[in-house]
Amino acid sequence: MAVRNIRQLGDAMLEKKCREVKEMTPRIKELIEDMKETMYEANGVGLAAPQVGVLKRVVVIDVGEGPIVMINPRLLESSGEQTGEEGCLSVPGKYGIVTRPMYVKFEAWNENMEHVVLEGEELLARAVCHEIDHLDGRMDVEKAEDGLHDVEYEEYEEEDE
């Protein structure tokens with residue numbers, strides 16, 4: 001496993017549509033493991049293959065309940081609406097206000113190439129839509145309703161004992 005470089009906004013790779021994965025190969029398995037490691041190292045919630053320079057329809061997501069691997073994901077249903085801050089590992093230090101569905105139902109193949117149908121709400125719904133957009137060459141910055149803003153990190157002062 002290895003941490004891969006994350007492509008940044010402006011990289012042409014992020015504007016290309018990805019190809020479907022037809023079969024699980026050692027290279028795809030390695031890609032999935034590297035993507036998980038890269039996502040965790042960057043403190044991200046999701047990562048799509050084009051963000052690490054691979055034009056394949058592969059996504060990893062972890063909203064705090066363990067990693068979800070999605071190969072060739074496709075939205076089946078969505079409902080409701082949520083508007084909130086959304087960041088992207090390819091646009092570090094920035095966020096935009098983006099409206100996404102509150103609920104999604106989607107299909108994909110997992111890392112064992114087993115067909116799965118999953119549902120998600122709130123953060124998972126947002127992450128699924130965000131990462132599928134990456135597979136289609138779209139980024140959240142295109143959907144940001146009021147442009148991009150700098151992320152402000154809270155500073156914690158150490159207390160003197």
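This briefing covers the sheets, helices, cores, largest pocket and unusual backbone positions of one structure. The model is predicted. One open sheet has 5 strands, and another open sheet has 3 strands. Helix 2 packs on the 5-strand sheet and also touches strand 4 and strand 5 of the 3-strand sheet. Helix 2 gives the largest share of the largest nonpolar core. Helix 2 also gives the largest share of the lining of the largest pocket.

**Five-strand sheet**

- The strand order is 1-2-3-6-7, and the pairing is antiparallel.
- Strand 1 (46-48) and strand 7 (115-121) are the edge strands, each pairing on one side only.
- On average, neighbouring strands here are turned by 35° against each other, direction ignored.
- Strand 1 pairs with strand 2 over 3 bridges, in the antiparallel sense.
- Within that region, A48 sits opposite V59 of strand 2.
- Strand 6 and strand 7 run antiparallel and are joined by 7 bridges.
- A108 faces V116 of strand 7 as its opposite residue.
- The hairpin of strand 6 and strand 7 has 5 residues between the strands.

**Helices on the five-strand sheet**

- Helix 1 (residues 26-41) lies across strand 1, strand 2 and strand 3 (68-79).
- Helix 1 runs at about 40° to strand 2.
- Helix 2 packs on this sheet and touches strand 1, strand 2, strand 3, strand 6 and strand 7.
- The direction of helix 2 makes about 110° with that of strand 3.

**Three-strand sheet**

- This open sheet has the order 4-5-8, with antiparallel pairing.
- Its edge strands are strand 4 (82-87) and strand 8 (148-150), and each pairs on one side only.
- Neighbouring strands are turned by 35° against each other on average, direction ignored.
- Strand 4 and strand 5 (residues 94-100) run antiparallel, joined by 6 bridges.
- G84 has V98 of strand 5 opposite it.
- Helix 2 (residues 122-135) packs on this sheet as well, touching strand 4 and strand 5.
- The direction of helix 2 makes about 60° with that of strand 4.

**Nonpolar cores**

- The largest nonpolar core holds 17 residues.
- V59, I61, M70, V104, F106, V128 and L135 touch the most other members of that core.
- Strand 2 (58-61), strand 6 (103-109) and helix 2 each supply at least two of its residues.
- Helix 2 supplies 7 residues, the largest share.
- Beyond its neighbours within four places in sequence, V104 is in contact with L75, E77, S78, L118, E119, G120, A125, V128 and C129.
- A second, separate core has 16 residues, including I32, M35, V54 and V69.

**Largest pocket**

- The largest pocket contains about 590 Å³ of space.
- It is lined by 26 residues.
- V45, E86, G87, C88 and L89 lie nearest the pocket centre.
- Strand 4, strand 5 and helix 2 each supply at least two lining residues.
- Helix 2 supplies 5 of the lining residues, the largest share.

**A buried aspartate**

- D34 lies in helix 1.
- D34 has a relative accessible area of 3%, so it counts as buried, the cut-off being under 20%.
- Leaving aside neighbours within four places in sequence, D34 is in contact with M1, A2 and R4.

**Positive phi outside glycine**

- Most residues other than glycine have a negative phi.
- M113 is not a glycine, yet has a positive phi of about 60°.
- M113 is placed in the loop between strand 6 and strand 7.
- M113 counts as partly exposed because its relative accessibility is 24%, and that class lies between 20% and 50%.
- E122 is not a glycine either, and has a positive phi of about 50°.
- E122 is found in helix 2.

Definitions and conventions
Residues numbered from 1 in each chain as written. Predicted model: local features only at pLDDT ≥ 70, side-chain atom pairs only at ≥ 80, totals over all residues. Heavy atoms only, no water. Pairing = 2+ DSSP bridges. Helix = DSSP H or I, 4+ residues; strand = E, 2+ residues; numbered from the N terminus. Axes fitted to C-alpha atoms, helices over the stretch in contact; angles between N-to-C directions. Contact = heavy atoms within 4.5 Å. Core = buried A, V, L, I, M, F, W, Y, C linked by side-chain atoms within 4.5 Å. Buried < 20%, exposed > 50% of the residue type's maximum accessible area, 1.4 Å probe, protein only. 1 Å grid on protein atoms, 1.4 Å probe; cavity = no way out; pocket = protein on both sides within 12 Å on 5 of 7 lines; lining within 4 Å. Points joined across faces, edges and corners; volume = space filled by probe spheres on them.
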